[in-house]
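Me: I would like a close look at a single part of this model, followed outward into its surroundings. Please keep to what can be computed from the coordinates.

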Amino acid sequence: MHEGAAPSAATRRRRAKARGDEGIRYPRWFWPSFSIPGTVWIVVLFLLPFYAILSVAFGTIDPIFGTAVPVWNPLHWNFASFGYVMNQTFLIGGLYRPAFIRTITYVVIAVGASLLIGYPVAYFIARYGGRYKGALLVGLIAPFWISYLMRMLAWVNLLQDDGLVNKFLLDLHLIGAPIHWLDGKPYTLVFGLIYGYIPYMILPLFAGLDRIDGSLLEASRDLGASRTRTFMHVTLPLSKQAILAGTIIVMLPMFGDYYTNDLLSKSPTTSMVGNLIDHSLNSPQVTLAAGLVVELTILLLLPMLYYLYATNREKRLRSAA
Amino acid sequence: MTQRTLDEPAATVAAPPAAGPRSGGFARWWRDVVRNPWGKPRFLFLFTMLYMIWSLAPVAIAVLFSFNSGRSRSSLQGLSLRWYTGDPIDSVFHDPTLRGALAQSLKLSLLTTVIAVPLGVAFALGLDRWRGRGSGSSNFLMLLSFVTPEIIMGVSLFIVFTKLLSLIGLGTNAQLLGLITFEMAYPVIIVRARLLSIGKEYEEAAMDLGASSTQAVRLTLLPMLLPAIFASAMLVFADTIDDFIIARYLSAGAGTETIPIRIYDTARATVTPALNALATLMLGSTMLAVVAGFLVYRYLTKGERREGTALDSFAAQM
Amino acid sequence: MHPRERRAPRVWSRRDFLKRSAQASLAVGGAGALLAACGHASEGPPPVAGISPSGSISANGGQSSGLPYPLARPNSPVTWDVYDDNQAIAPGLNAEKGATLQLFNWADYIWKKTVSEFAAKYDCKVQITTFDNTDEFLSKMRAGDVPYDVCWPTPDMMGKLVTAKLIQPVNHSYIPNLGNVWPSLQDPFYDKGSLYTVPYTIYSTGIAYRTDHVHTPPSQMSSPYQIFWDSAYKGKTFILDDYRETTAMVLLKHGVTDVNTGDPTALNAAKQDLLAMIPATNVKYDVDDYTEIPEGGAWVHQGWSGDMISAQYYLPKGVPLSVIGYWFPQDASGVIGSDIIAIPKSAKNPVLAHLFLNYMLDNKVAYANFYNFNGYQPPLNSIDVDKLLGDAVPQSLPDAIVRPEDFDRGYQLLELAPTIDALWHSIWQEFQAGA
């Protein structure tokens with residue numbers, strides 16, 4: 001459509017060459033026009049929603065239903081509801097406080113356990129996978145292709161009172177009576193979180209460990225370092241970035257998780273922040289849901305930005321190397 | 001679902017040199033790794049295998065029970081297709097709710113892929129080559145959307161479609177718009193990683209031969225990006241079909257419910273193996289897409305990788 | 001009684017709305033604070049606003065001033081306004097062709113065959129969307145242009161639905177079967193003249209339990225509701241996922257029979273007791289009593305009578321019917337109610353929707369739906385409640401039958417004023433947060 005525009009491409013290139021400006025080969029509008037649809041899209045459907053959520057969190061409430069009425073003008077924002085959410089989160093005895101503390105506890109345990117289980121697996125595949133590396137990798141990635149909820153459903157089946165896990169334990173005489181796994185036990189929920197999210201931990205770990213040059217390790221061994229020393233002083237420091245990436249990748253969605261709790265526990269004693277948000281969203285209290293989301297965003301913004309900063313820095317280092 | 005890494009696409013397209021033994025057959029690998037007298041890899045081997053079993057066996061069992069001829073999801077009473085087609089009321093084929101969920105899941109993931117990938121590829125090209133005012137912010141927004149937890153995006157989109165863009169309202173359109181927003185970053189990041197390794201020489205050569213800028217992009221850049229585009233399309237498809245939060249918050253009733261929503265709604269209530277059958281069908285669709293993706297990927301990258309590494313490099317793309 | 005003859009509607013201006021919404025936002029924030037202030041004054045956040053939950057607004061008054069909608073009470077029935085811009089459809093229209101009738105209903109609250117026979121009879125498709133609780137119902141109905149043609153609200157939200165024009169008046173010329181209904185429910189207090197709704201079923205709320213696991217059945221307990229705090233059933237105790245039913249049950253346990261109270265003292269005491277249930281029995285909440293009890297997930301479940309009658313269909317093989325128990329006070333001094341069907345204003349197929357309402361009140365259809373699947377009694381004259389036991393209702397569940405006279409003694413959950421509603425919500429919210 002724009003081929004006819006004068007001057008011709010060849011002329012322009014000649015002129016560019018004459019200016020000694022090798023880089024400019026495309027019309028000025030050419031590349032920006034590629035970015036425009038995506039930029040507009042993301043502004044309308046990512047940035048604007050953020051503003052909308054603020055307008056609801058700082059908005060008012062419809063008198064009949066108690067549902068949210070957004071206030072679009074920031075000058076008229078009303079912070080009563082958000083103040084309530086903040087108070088309930090941070091004051092002792094606050095309504096949301098237990099759920100926040102619980103969520104942080106569960107996430108820390110689940111992320112830690114994922115790392116402890118995931119690291120050896122990633123290490124083995126990266127270092128010793130050999131010709132089966134591809135196949136092993138497929139095994140690692142397969143959970144990405146299986147719906148998270150289906151994987152939880154599988155455990156709901158297995159953990160029923162008369163499910164296979166209880167049958168197995170009873171057959172081995174490890175337990176005398178079926179354990180009610182699904183009656184609201186925190187450890188069932190944490191187990192579910194680990195099971196659900198660990199593939200997302202292992203993959204960046206693998207990517208990081210796989211990138212480590214084997215000759216470095218050989219050098220360390222040649223210089224007389226023991227296996228343990230080599231691991232502690234070469235492998236582990238080199239995989240620090242990957243550990244950080246895995247931790248943040250797993251941590252971010254876990255903070256908003258509500259479905260794992262709904263499927264594996266459903267007890268108020270294991271309610272997480274995600275559950276608070278979900279409950280409020282499915283009730284007239286959308287204002288509170290928005291307030292909680294704003295709070296969660298503030299809480300997670302730092303790790304999000306740090307992650308972006310760290311990957312960007314690493315990428316620059318790598319491309320410089 | 002929400003979990004995403006910025007790292008994966010950065011993993012090189014060509015397989016990295018493997019640290020372990022490369023030559024020899026299974027017996028050799030077994031001898032070197034599994035029966036390694038130093039013991040450490042042997043423990044690691046065992047650990048990894050246990051992990052794989054733990055990770056995949058529950059799903060395999062769930063799939064197995066979708067073929068149960070009985071109603072139970074814990075004791076197998078023979079194999080049949082009852083929950084797929086046989087049962088005249090409750091099978092996936094006959095229950096309109098389950099059938100509808102399958103159709104909606106496939107529809108959303110296909111449409112999302114078809115729209116998000118071209119949008120993302122163009123965005124990637126623009127961000128890579130355009131270094132003007134605003135490109136930095138554009139890039140930052142895109143990356144931020146990539147790491148934003150899905151619940152934050154889901155709730156804010158819900159609010160937008162109920163309070164602001166209520167003309168669109170909840171339903172398939174809203175789900176589609178939301179999912180595209182959520183998935184668009186994948187093609188952007190994967191294609192940009194690929195662009196880094198391509199450089200500008202090819203386009204320059206094409207232009208020297210008289211190609212216009214559009215032709216240069218179409219005839220040189222796009223073909224070279226095809227593997228990355230393809231890999232990201234597979235990724236978007238597989239990720240969308242599993243999506244739960246956005247699809248759920250933006251759904252408007254039974255007609256727009258997807259498979260994960262059905263699983264969530266019924267998993268704790270009264271469930272027949274038909275739910276397992278539904279989940280298995282979703283798994284099948286994803287697998288089909290991934291295998292097809294792998295075959296095409298292998299074909300597209302035929303010339304540029306060493307023997308036997310297609311799986312590695314394809315996996316690295318995922 | 002033609003809808004068009006109703007008196008002119010009260011119109012709400014935008015400014016009115018905004019003013020009230022600002023107040024309400026304070027109230028929601030303040031409600032929890034108020035309760036907290038009652039409980040442990042030093043710990044709770046300071047009250048945000050000084051709206052008294054009971055003082056300024058009478059909880060039981062009919063059309064008291066200052067309320068956005070009248071509160072229907074048995075002794076103060078309400079005839080709802082019919083607005084100019086929300087009229088019933090004209091009589092004598094033909095059913096929509098090739099339509100998909102969208103139902104918005106509780107899960108498992110209608111027999112699939114009842115639905116498919118309707119679809120066959122009127123040559124249409126039927127699709128069912130489900131909701132878990134009344135909050136979800138309202139928030140979905142509020143989410144703009146809802147695609148539903150028929151919905152299942154509860155009488156305690158009539159004011160909200162009518163005032164916000166979320167449901168449309170029904171044209172009785174399409175619903176001759178309304179005559180099959182108990183006379184009291186043809187002209188109910190919550191919708192005089194059945195202008196907007198028709199009855200669906202009646203129910204009581206009692207205690208569902210497993211006779212093989214519960215050591216002392218509720219009927220032999222001096223305070224049956226105490227069973228929900230009995231740690232012998234820890235992990236196996238459920239209450240309903242319903243902000244009204246749960247708090248109402250605790251109020252009844254405390255001897256407060258006004259289950260629509262706005263009294264902060266009574267509500268605060270109920271809240272404390274509700275929260276005490278969590279450590280005592282690790283209680284959970286859902287509306288799946290009809291599967292949890294027969295499948296053994298729950299041993300004690302706050303339950304609805306109809307769910308216990310239908311629970312028999314969810315019993316695993318080899319488990320006898322007698323394991324299902326249901327208790328409701330002999331003198332009917334418990335929570336009792338009727339469910340209704342309505343047509344959303346935005347219905348795409350209003351004629352089919354009217355036909356559906358009429359269909360569900362057909363003596364044979366309603367009985368088949370009740371008898372074969374649903375378990376909730378339709379309030380029809382043709383059903384002799386004295387003959388149900390041992391037939392439609394298992395011999396072991398005599399308490400699950402609802403009799404017309406029970407409505408004279410039972411307590412119905414009625415619509416609350418917005419500020420009081422916020423108070424009730426905040427109790428449930430606190431419970432869900434698992435403090």
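At what angle do helix H5 (residues 96-129) of chain B and helix H9 (residues 185-198) of chain B pack, and how far apart are their axes?

Reply: In this predicted model, helix H5 (residues 96-129) and helix H9 (residues 185-198) of chain B pack at an angle of about 45°, and their axes are 8 Å apart. Angles under 35 degrees would count as roughly parallel and those from 65 to 115 as roughly perpendicular, so H5(B) is oblique to H9(B). The crossing in which H5(B) passes H9(B) is right-handed.

On the side of H5(B), the residues that take part are B:Ala116, B:Val117, B:Gly120, B:Val121, B:Phe123, B:Ala124, B:Leu127 and B:Asp128, and they meet B:Tyr186, B:Pro187, B:Val188, B:Val191, B:Arg192 and B:Leu195 of H9(B). Sorted by class, the residues of this contact comprise eleven nonpolar, one polar and two charged.

The chain around this pair is helical in its secondary structure, with 15 helices and zero strands in chain B. Of its 318 residues, 55% count as buried, and among the contacts in chain B with a separation of 6 or more, 72% are between residues 24 or more positions apart.

Chain B also has a broad set of contacts with its partner, since 99 residues of chain A are in contact with 97 residues of chain B. The side of chain A that touches chain B receives the most from helix H2 (residues 30-57) of chain A, which gives 19 residues, and by class this side has 69 nonpolar, 17 polar and 13 charged residues.

Residues of both chains also appear in the largest nonpolar core, which has 183 residues and in which A:Met150, A:Leu153, A:Ala290, B:Val155 and B:Leu278 touch the most other members. Helix H4 (residues 97-128) of chain A gives the most to this core, with 15 residues. Leaving aside neighbours within four places in sequence, B:Val155 is in contact with A:Ile53, A:Ile277, A:Leu281, A:Ala289, A:Ala290 and A:Val293 of chain A, and with B:Tyr249 of chain B. A second, separate core of 120 residues includes C:Met158, C:Ile202, C:Val283 and C:Leu355.

Two other helix pairs can be set beside the one in chain B. In chain A, helix H6 (residues 148-158) and helix H8 (residues 186-211) pack at an angle of about 140°, with their axes 10 Å apart, and are therefore oblique to each other. H6(A) passes H8(A) in a right-handed crossing, and the contact joins A:Tyr148, A:Arg151, A:Met152 and A:Trp155 of H6(A) to A:Gly192, A:Tyr195 and A:Gly196 of H8(A). The residues of that contact divide into four nonpolar, two polar and one charged.

In chain C, helix H6 (residues 243-253) and helix H7 (residues 264-281) pack at an angle of about 105°, with their axes 9 Å apart, and that angle makes H6(C) roughly perpendicular to H7(C). Here C:Thr246, C:Thr247, C:Val250 and C:Leu251 of H6(C) meet C:Ala266, C:Ala270, C:Asp273 and C:Leu274 of H7(C), and the residues of the contact are five nonpolar, two polar and one charged.

Note on methods:
Residues are numbered from 1 along each chain as its sequence is written. Chains are lettered from A and ligands numbered from 1 in the order in which they are written. This is a predicted model: local features need pLDDT of at least 70, side-chain atom pairs count only at pLDDT 80 or more; totals for chains, interfaces and linings use all residues. Axes are lines fitted to C-alpha atoms, for helices over the stretch in contact, and angles run from 0 to 180 degrees between N-to-C directions. Helices (H or I, at least four residues) and strands (E, at least two) are DSSP runs, numbered from the N terminus. Angles under 35 degrees count as roughly parallel, over 145 as roughly antiparallel, 65 to 115 as roughly perpendicular and the rest as oblique. A crossing is left-handed if the near helix is turned anticlockwise from the far one by less than a right angle, and right-handed if clockwise. Two residues are in contact if their C-beta atoms, placed from the backbone, lie within 7 Å. Ala, Val, Leu, Ile, Met, Phe, Trp, Tyr, Cys and Pro count as nonpolar, Asp, Glu, Lys and Arg as charged, and the others, Gly among them, as polar. A nonpolar core is a set of buried Ala, Val, Leu, Ile, Met, Phe, Trp, Tyr and Cys residues joined through C-beta atoms within 7 Å. A residue is buried if 20 or more other C-beta atoms lie within 10 Å of its own, exposed if 12 or fewer, and partly exposed in between; C-beta atoms are placed from the backbone.
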